[in-house]
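Here are my notes on the model you sent round. Have it open while you go through the points.

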Amino acid sequence: MKSLYVRLSVVFLVLIVAMTIVIGWSSIRSANRFVDETEQKLNMDLAASLAADFQPFLIDSIDTEAIQKQIEYFIGINPKIDIYLLGNTGMIKALFVPSGREPIMRAMDTEPLDRFLRGDKYPIWGQDPLSETGMKPFSVAPLEIMGEQGCYLYIVLGSDQFDTTSAMIQDSYILKSLVLNVGLVLLFTMVVGLILFGVITKRIQKIVDGVQSFGRGDYSNRIQLTGADEIASLARTVDTMADTIEDNIKRLESTDSLRRELVANISHDLRSPLSSVRGHLETILMKADDLTREQILSYVETGLAGTDRLNRLVEALFELSKLDANQVTLNPEPFSVGDLIQDVVHQFQPKAKSAGVELVFSLEEDPSLAFGDIGLVERALTNLVENAIKYTPKGGQVRVESKWGPGSVELKIADSGRGISDTDLPFIFDRFYQVDKSRNPISGGTGLGLAITKKIIELHNSTLSVSSKLNVGTSFSFLLPVSSPVVGNAY
Ligand code: ADP
């Protein structure tokens, strides 16, 4: 009873049965009415013609014998009629009933009779004195009985009418075929309806099965219902939803594995400098008496370098996590790109010199100012210049440039260093990705610098681009929006 199919079918069947009853009842009623109307129209003048024949036998008394004779003569024409002689108040004065039955009333309502005489619309039903409730078609004519004016000759037609509907249907070919046809149509409707409900609920069941199997964890399962109706459209929506959920699950899984990889990388990168610091400190502790002052200083320096590296790593991680969590709020302001580049280049000049790398800049003359968070842009530029120096061998060159375009300024950091292979290039912005897989601590890198730089540039609604050729050089560039041109002091 819980299934939609059963519910729909039950409601449908109840409706069909109700419809059958209503249609049957109204058809039989119409048929009855039609028969009565026809009979009344056909016998419209019957009472009038009989009244003329009877009138001579009603002068002094009611000559029932003579009247009976007249009726018997007449009987050949219409044998099944009941004839009543009524007083002007409706009182039954005489009756001629072939069945010989006694009337159950002594007087009857004359209102329908008067309507008939006034020529009202047919059919008009009048009381049948032989039955308590039955209303029958009739014919009536005025009569004068023993000097009493306004009497009636009342003829009940169809006195042989069927008392039960089934008897009437059985007797009528038209009614029988009507009942049969209506029955067949309803049966056909019922069968078609049940099949249709079956088809519809089967399609809904397919959606339910699909959703349930998805719910059980079969994420690849799709309903794939064909058609252009609402059920097919619902199935397609569910399938699209399943696609999205499956994609999200895959993304979550890959994020989870990335997270695990990150944790592994972080622990590895923290462990090596830590054990280096610990190793050097232990050596000093154990061999303090045997070591020269120079040796001790050298151990301390190496240990300090380890703590520097640890510090850098922790700082970088902290910075990246803040950027990731959108905890860094941008404080954009107009600033001079030329001044920033000169500052950074100046700051890295000693490092470049000791690496044997020429560090130069070229600035396009322009009065415009860039618009951005100067602190963060400096951080990005520093990372890129530091990398360029780090990955450029002795004798190479690192060049920092600015180029003004319409509405933006391009900052470019190009080196003639070792370059990056095409296989490594797509991954260099991934956190902890280092081309040198041995993670040589001497390079001092954390593998986080470019990830941080990329985030900073993205915060400025810009993109960090890279182009590189192995053993030829690498160039990083990004655009910053231009602030309003300087007019007097105003930006
Ligand atoms: P790292 O701290 O190792 O430098 P980054 O995220 O800054 O980490 O850089 C990721 C990797 O990209 C580096 O390990 C290096 O192999 C490569 N890389 C970055 N900049 C350059 C460059 N200018 N020339 C060649 N390789 C570079």
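1. Let's start with Thr255, which sits in helix 7 (residues 230–287); helices here are DSSP runs of H or I with at least four residues, strands are runs of E with at least two, and both are numbered from the N terminus. Thr255 is partly exposed, at 44% relative accessible area (buried is under 20%, exposed over 50%, partly exposed in between, with a 1.4 Å probe and protein chains only). Its side chain reaches the backbone oxygen of Arg251 at 2.6 Å.

2. A word on the ground rules. This is a predicted model, where local features need pLDDT of at least 70, side-chain atom pairs count only at pLDDT 80 or more, and totals for chains, interfaces and linings use all residues. Residues are numbered from 1 along each chain as its sequence is written, and side-chain values use heavy atoms, with hydrogens and water left out.

3. Now the ligand. It is surrounded by 20 residues, and the closest are Asn387, Tyr391, Gln434, Thr446 and Leu450 (near means a heavy atom within 4 Å). Which element gives the most to this shell? That is helix 10, with 3 residues.

4. As for polar atoms, a ligand nitrogen is 2.9 Å from an N or O atom in the Asp415 side chain. Ligand oxygen atoms come up twice: one lies 3.2 Å from a polar side-chain atom of Lys390, and one is 3.3 Å from a polar backbone atom of Gly449. The protein covers 98% of the 520 Å² of accessible area that the ligand has on its own (Shrake-Rupley method, 1.4 Å probe). Helix 10, helix 11 and strand 12 are the elements giving two or more residues to the shell.

5. Helix 11 (residues 449–459) deserves its own look. Its buried residues are Leu450, Ala451, Ile452, Thr453, Ile456 and Ile457. They pack against helix 8 (293–324), helix 10 (374–390) and strand 12 (473–481), with contact meaning heavy atoms within 4.5 Å. After the helix comes Asn461, with a positive phi near 55°.

6. Finally, the sheet. Its 5 strands form an open sheet in the order 2-1-5-4-3, with antiparallel pairing (strands pair if DSSP finds at least two bridges between them). Strand 2 (92–96) and strand 3 (125–127) are the edge strands, each pairing on one side only. Strand 1 (residues 82–86) is joined to strand 2 by 4 bridges, and Leu86 has Ile92 as its bridge partner in strand 2.

Notes. A polar contact is a pair of N or O atoms within 3.5 Å; within protein, one must be able to donate a hydrogen and the other to accept it, and residues adjacent in sequence count only if both atoms are side-chain atoms.
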